[in-house]
Amino acid sequence: MKFSLAIGALLAASASAFAPNAAISTRSSSLSMGFKSDVFTPVDVTLADTTETIVKGGRDLFPLLPKAFEGISNVGVIGWGSQAPAQAQNLRDSLAEAGSDIKVSIGLREGSSSFIEARECGFTEDAGTLGEMFDVIKESDLVILLISDAAQAKLYKKVFEAMKPGATLGLSHGFLLGHLDSIGEAFPEDMDVIAVCPKGMGPSVRRLYEQGKEVNGAGINASFGVHQNVSGKATDLALGWGVALGSPFMFETTLRSEYKSDIYGERGILLGAVHGIVESLFRRYVRDGMTPEQAFTESCESITGNIVKVISTQGIKAVYDQLEGEDKTTFQNAYAASYKPAKEILQEIYDEVASGNEIRTVIMHGERTEKYPVGKIDGTFTWQVGEKVRADRDEDNIPLNPFTAGVYVATMMAQCDVLLEAGHPYSEVINESVIEAVDSLCPYMHYRGVAFMVDNCSFTAKTGSRKWAPRFDYILDQLAYTAIDNGKELDMTLISDFENHKIHAAVSECCKLRPSVDISCDTATTTKEIVIE
């Protein structure tokens, strides 16, 4: 069947918070997930018991970019955070390779220290490709707004006012829509509004693009959404943007569905949950008599150096299938004990995001940063031990700890189930809860540490990770691990549910569409990676 996304499920958590001036039906609306393109060739893929439409990327599609970008002379990439350096360079390079004379420019706030970094990447005032953000916005036919979410919430009116008639607003996150919904406002009706949302941090978008030049391109999968299509060309422009970024495949979403799944996901298994899991397991293993170095290896290293590599290429269930005997029993007990406690927190996170509460938290946090700057988290004992372990790492002998695997996989599955129960399509669920974790974020965690990853992601992500990681830490320690230690009877039907879950077939299909190369985090790159020194 064609996938139909039930808006009712997505809005069930406090629909009124998103429409203060209108009543929203929570059951009657639906979104047909099947788009058409005049430029690219959509293909149908079967994910579990649904069929979704995607566009496969590749450098062989670059000759189609001039047609997809028809009517666009100037692209303004606004900001220089995690995504902007990567997206701007990928767009510039892809359009040049396609023989297009479309100009890609960077817009920054006046006096920003990022002018120096932008010049180092080839954007200059003399060439007309670097300038003050509102000057660039005024000249751009496509404005890709990549400033922080908190800054978008503060400056959106000035951005809209500066955009010239007929210009398209491009976003890589649905956060701004969530903010506008929560205050009863909307985008101006006379403009196209599109989104292309890479399912990975900015540096991975650039690294995989650079590393895949010889194998018909590589990059990070992206969702795309068309929120307003006044011109009738918005879908092809969004797809062209995704192809130019190097996305192996692009799947359709809406801005509302995107921000709910994205903000939720980074607070869950992508960042916050994995942070909390490692902290709780590290302490547990030390209490059980392991040395700190061994405890870190059996917790964090096992996740980032072994478990996620299996998931990336073979799927979630492959982690379980390769275990035997006592190791399989250990996994089953850890999974059965951890699934419901993890899901309890994950459901709370989803409800907080869907109601608008989490968006308001990010905005309020942004307003406090001058007085209370965001600090680093890597000074605690766990992460200091991690520095030593990485320095002495034997990459070929990283263990797959079955208890660690049970906890991690249970949390990943619980995250997927919350999204599926809320009506999100499999493509979005898998990319936000599996692919982004194993193909983008965990490789960086393995290279530099979980704490480094948390410290150097977007403001919205680091805010959420810091807030929710302790909740996962506490609930696993207090409910999951004590259940095992005290011999509490576990609900083993959760194991049969896991073994027979429809998501495994969908993940296997998505594995076929993964990037054409594995990301290498230690090769030279032209994009910045360290945000907090």
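This report describes a buried asparagine, a set of aromatic pairs and two charge-over-ring arrangements in a predicted model.

## Basis

The model is predicted: local features need pLDDT of at least 70, side-chain atom pairs count only at pLDDT 80 or more, and totals for chains, interfaces and linings use all residues. Residues are numbered from 1 along each chain as its sequence is written, and side-chain values use heavy atoms, with hydrogens and water left out.

## Surroundings of N401

N401 occupies the loop between α16 (381-391) and α17 (402-421); helices are DSSP runs of H or I with at least four residues, numbered from the N terminus. Its relative accessible area is 10%, so N401 is buried (under 20% relative accessible area, 1.4 Å probe, protein chains only).

The N401 side chain reaches the backbone nitrogen of F403 at 2.9 Å. Leaving aside residues up to four places away in sequence, N401 touches Y285, E298, S302 and I307 (heavy atoms within 4.5 Å).

## Aromatic pairs

The structure contains 16 aromatic pairs (Phe, Tyr or six-membered Trp rings with centres within 6.5 Å; planes under 30 degrees apart are stacked, over 60 edge-to-face, the rest tilted). F331 and F498 form a tilted pair, at 6.0 Å centre to centre and 35 degrees between the planes. Because F331 lies in α14 (residues 325-354) and F498 in α21 (residues 493-499), this pair ties together parts 167 residues apart in sequence.

Both F331 and F498 are buried. Together with Y320, Y335 and Y339, they form one aromatic cluster.

## Charges over rings

R92 lies over the face of F123, 4.5 Å from the ring centre (NZ of Lys or CZ of Arg within 6 Å of the centre and within 35 degrees of the ring normal). The charged end of R448 is placed over the ring of F452, at 4.2 Å from its centre.

How values were computed:
Helix = DSSP H or I, 4+ residues; strand = E, 2+ residues; numbered from the N terminus. Buried < 20%, exposed > 50% of the residue type's maximum accessible area, 1.4 Å probe, protein only. Polar contact = N/O pair within 3.5 Å; in protein donor to acceptor, adjacent residues only side chain to side chain.
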